[in-house]
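Let's take a walk through a protein together, one corner at a time. Have the picture open beside you as you read.

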Amino acid sequence: AHRCVTTYSGHTDMIHCLGLRRRHGQLVTGSEDSTMRLWDVRSAVCAHVLSPSLPPMTSQSAARAAPDAPVRESAPSLWCGCLALDEAENWLAAGWGAGFISTVEMRSLACVGCLPTSAPPQAVAFLPHSDARLVSIGAEKSVYTWKVTGELETRAACSSPSAFALAARAGADGDVTVAVGGFAPAVDIFYDMSHKAVSLPIVV
């Protein structure tokens with residue numbers, strides 16, 4: 001039977017997203033309280049608190065707010081709604097309710113890019129076998145492709161007025177397929193991120 005073996009305590013509001021750095025034994029959590037936290041999986045100790053309200057989102061600025069210290073009241077729109085780690089676990093991308101994605105280099109915990117969106121991001125993923133490229137969707141009819149340093153590569157229309165389901169996979173030939181879903185009875189498929197290839201209707 002399954003049982004709870006560890007509880008990670010420290011966030012002051014609901015948790016929206018999780019990520020695992022398996023090679024480093026770390027758990028990353030994103031919360032409504034306007035922070036991300038990096039935890040040691042074995043000890044359940046919070047090693048770092050990261051937040052756009054602690055610029056420049058470094059371990060030094062996080063240290064000024066000790067990991068076990070209460071976080072000050074968060075800004076109404078500064079929740080962390082989604083996050084993703086790349087395959088090598090060198091990069092972290094996080095979407096914030098104020099309408100942007102931050103990219104963090106994990107060795108230094110420095111914020112490298114700030115990627116503005118027209119609405120709160122709701123899902124983000126790194127593209128497989130890519131050189132630090134990611135795709136994001138949110139509460140809008142757009143699919144964004146970015147470089148991790150912040151440059152926008154493409155912005156394409158999707159069927160859903162609010163998209164929150166995202167999957168990116170590489171085939172045997174190395175070509176990447178991206179699927180997007182949300183508040184529309186269809187799943188959009190992208191091969192070239194500049195436009196959707198097809199919409200697959202979902203019969204309810």
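Is Glu140 buried or exposed? Glu140 is buried, with a relative accessible area of 9%. One thing to keep in mind from here on: what you're looking at is a predicted model.

## The big picture

Let's zoom out for a moment. The protein has 204 residues, and 46% of them are buried. Its fold is made of one helix and 16 strands.

Now for the outside and the contacts. The accessible surface adds up to about 10400 Å², and carbon and sulfur atoms account for 56% of that. If you take the contacts with a separation of 6 or more, 37% of them are between residues 24 or more positions apart.

## Charged partners

Side chains of opposite charge can pair when their charged atoms come close. How many salt bridges does a search of the whole structure find? The search turns up four.

Back to Glu140, then. Glu140 has a salt bridge with Arg155, and their closest N and O atoms are 3.1 Å apart. Arg155 sits in strand β12, while Glu140 is in the loop between β10 and β11 (142–147), so this pair ties together parts that are 15 residues apart in sequence. The two ends aren't equally covered: Arg155 is partly exposed, at a relative accessible area of 45%, whereas Glu140 is buried at 9%. Why does Glu140 count as buried? Because the cut-off for buried is under 20% relative accessible area, and Glu140 has 9%.

Strand β12 shows up again in another salt bridge, between Glu153 and Arg133, with 2.8 Å from N to O. Here Glu153 lies in β12 (residues 152–157) and Arg133 in β10 (residues 133–138), so the pair connects parts that are 20 residues apart in sequence. Glu153 is partly exposed, with 32% relative accessible area, and Arg133 is partly exposed as well, at 27%.

One more of these pairs involves Arg107 and Glu105, whose closest N and O atoms are 3.8 Å apart. Arg107 counts as exposed, at 76% relative accessibility. Glu105, on the other hand, counts as buried, at 17%.

## Rings that pair up

A pair of aromatic rings is described by the distance of the centres and the angle of the planes. With that in mind, the count for this model comes to four aromatic pairs. One of them joins Tyr144 and Trp146: their ring centres are 5.2 Å apart, the planes are at 15°, and the pair is stacked. Why stacked? Because planes under 30 degrees apart count as stacked, and this pair has 15°. Tyr144 is buried, with a relative accessible area of 2%, and Trp146 is buried too, also with 2%.

Phe164 and Phe183 make another pair, this one edge-to-face, with 5.2 Å between centres and 75° between the planes. This pair links distant parts of the chain: Phe164 belongs to strand β13 (residues 163–170), and Phe183 to the loop between β14 (176–182) and β15 (184–190), 19 residues apart. Phe164 is partly exposed, at 40% relative accessible area, and Phe183 is exposed, at 60%.

## A four-stranded sheet

Strand β13 also takes us to a sheet. Which strands form this open sheet, and in what order? Four strands do, in the order β13-β14-β15-β16, with antiparallel pairing. At the edges stand β13 and β16 (198–201), each with a single partner strand, so each has one side without a neighbour in the sheet. From one strand to the next, the twist averages 20°.

Look at the β16 end in particular. β15 and β16 pair in the antiparallel sense over four bridges. Try finding Val187: its bridge partner in β16 is Leu200.

## A stop at Gln26

Last stop: Gln26, which is in strand β2 (residues 26–31). At 14% relative accessibility, Gln26 counts as buried.

What does Gln26 touch, leaving out residues up to four places away in sequence? The answer is Gly19, Leu20, Arg21, Leu38, Trp39 and Val41. You can also look for Asp40: along the chain Gln26 and Asp40 are 14 residues apart, and their C-alpha atoms are separated by 4.8 Å.

Conventions:
Residues numbered from 1 in each chain as written. Predicted model: local features only at pLDDT ≥ 70, side-chain atom pairs only at ≥ 80, totals over all residues. Heavy atoms only, no water. Phe/Tyr/Trp six-rings, centres within 6.5 Å; stacked < 30°, edge-to-face > 60°. Buried < 20%, exposed > 50% of the residue type's maximum accessible area, 1.4 Å probe, protein only. Helix = DSSP H or I, 4+ residues; strand = E, 2+ residues; numbered from the N terminus. Pairing = 2+ DSSP bridges. Axes fitted to C-alpha atoms, helices over the stretch in contact; angles between N-to-C directions. Contact = heavy atoms within 4.5 Å. Areas by Shrake-Rupley, 256 points an atom, 1.4 Å probe, with all protein chains shown as cover. Salt bridge = Lys/Arg side-chain N within 4 Å of Asp/Glu carboxyl O.
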